[in-house]
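Here are a few exercises to work through with the model open beside you. Try each task before you read its solution.

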Amino acid sequence: MSAINMDLDKQFKFNFKRSVIIGGKTYHVTFNDEMDRTLRNLQLEISDFYNKQVKSSKKFENEMNVEQRKKYLEEQQKALLSDVFDALDGVLGVKGAGKDIYNYYDQQSYALFKTIQVLRETKEKLDGTNEAHQREKHEARTAQYTGKKKRVNEHAIANKKREYKK
């Protein structure tokens with residue numbers, strides 16, 4: 001009986017480390033599960049922030065005066081930005097990286113949110129989850145198309161039968 005030696009490291013050739021230039025600085029990022037979890041949680045917080053604003057709009061409009069509204073929105077935005085800064089600091093591995101990016105892009109929160117989105121998309125491309133999502137979408141479109149095609153053919157056959165009866 002012979003032993004089979006396999007070197008999976010050579011076969012896989014995984015490399016989830018990248019140098020990323022953001023805000024004029026180069027960061028060495030490891031696209032791993034912890035990073036993905038951090039960014040996904042942050043995206044959920046951003047979504048929750050938006051949903052809270054929509055749901056509490058009646059209270060906001062009816063019960064708060066202008067100064068209270070300003071203060072409330074400012075506090076919410078500061079809390080959200082603080083979370084974004086902390087998350088980017090952790091993902092990029094440099095304390096103050098989130099704030100530096102924010103300042104580099106003229107204190108525009110959109111730049112931070114776009115950075116998060118691009119980092120998540122890059123991670124999905126590297127680990128293949130993007131391909132899986134694309135495949136699922138393609139299969140759903142194919143199923144929808146073939147379903148429509150089948151229904152159209154059935155209607156055409158039914159119409160022909162009606163014409164023959166006339």
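**Exercise 1. Decide whether Ile4 is buried or exposed, then find the patch that includes Ile4.**

Solution. Keep in mind that this is a predicted model.
- Step 1: Ile4 has a relative accessible area of 72%. The cut-off for exposed is over 50%, so Ile4 counts as exposed.
- Step 2: Now place Ile4 along the chain: it sits in the segment before α1, the helix that covers 8-12.
- Step 3: Look at the company Ile4 keeps. Together with Met6, Leu8, Phe12 and Phe14, Ile4 makes up a nonpolar surface patch. The accessible area of these residues together comes to about 590 Å².

**Exercise 2. Work out where His28 sits and what the side chain of His28 touches.**

Solution.
- Step 1: Start with the secondary structure: His28 belongs to strand β2, residues 25-30.
- Step 2: Check the accessibility. His28 comes out at 63% relative accessibility, so it is exposed.
- Step 3: List the contacts, skipping neighbours within four places in sequence: you should get Arg18, Ser19 and Leu92.
- Step 4: Zoom in on Ser19. The side chains of His28 and Ser19 make a polar contact at 3.0 Å.
- Step 5: Finish with a C-alpha distance. Lys17 lies 11 residues from His28 in sequence, and their C-alpha atoms are 7.0 Å apart.

**Exercise 3. Find which non-glycine residues take a positive phi in the loop between α5 and α6.**

Solution.
- Step 1: Recall the background: most residues other than glycine have a negative phi.
- Step 2: Go to the loop that links α5 (97-104) to α6 (109-127), where you'll meet Asp106. Asp106 isn't a glycine, yet its phi is positive, about 55 degrees.
- Step 3: Look at Gln107, in the loop between α5 and α6. Gln107 also isn't a glycine, and has a positive phi of about 55 degrees.
- Step 4: Add the surroundings of Asp106. With a relative accessible area of 69%, Asp106 is exposed.

**Exercise 4. Compare the span of α6 with the expected value, and pick out the buried residues of α6.**

Solution.
- Step 1: Count the residues of α6: there are 19.
- Step 2: Take the C-alpha distance from first to last, 28 Å. At 1.5 Å a residue you'd expect 27 Å, so the two values are close.
- Step 3: Apply the buried cut-off, under 20% relative accessible area. The buried set includes Ala111, Leu112, Ile116 and Leu119, and also Arg120, Lys123 and Glu124.
- Step 4: Step just past α6 to Gly128, which has a positive phi of about 90 degrees.

How values were computed. Residues are numbered from 1 along each chain as its sequence is written. This is a predicted model: local features need pLDDT of at least 70, side-chain atom pairs count only at pLDDT 80 or more; totals for chains, interfaces and linings use all residues. Side-chain values use heavy atoms; hydrogens and water are left out. Patches are made of residues with over 30% relative accessible area and no salt bridge: like charges are joined within 9 Å, nonpolar side chains (Val, Leu, Ile, Met, Phe, Trp, Tyr) within 5 Å. Accessible areas come from the Shrake-Rupley method with a 1.4 Å probe; for residues, only the protein chains shown count as cover. A salt bridge is a side-chain nitrogen of Lys or Arg within 4 Å of a carboxyl oxygen of Asp or Glu. Helices (H or I, at least four residues) and strands (E, at least two) are DSSP runs, numbered from the N terminus. Buried means under 20% relative accessible area, exposed over 50%, partly exposed in between (1.4 Å probe, protein chains only). A polar contact is a pair of N or O atoms within 3.5 Å; within protein, one must be able to donate a hydrogen and the other to accept it, and residues adjacent in sequence count only if both atoms are side-chain atoms.
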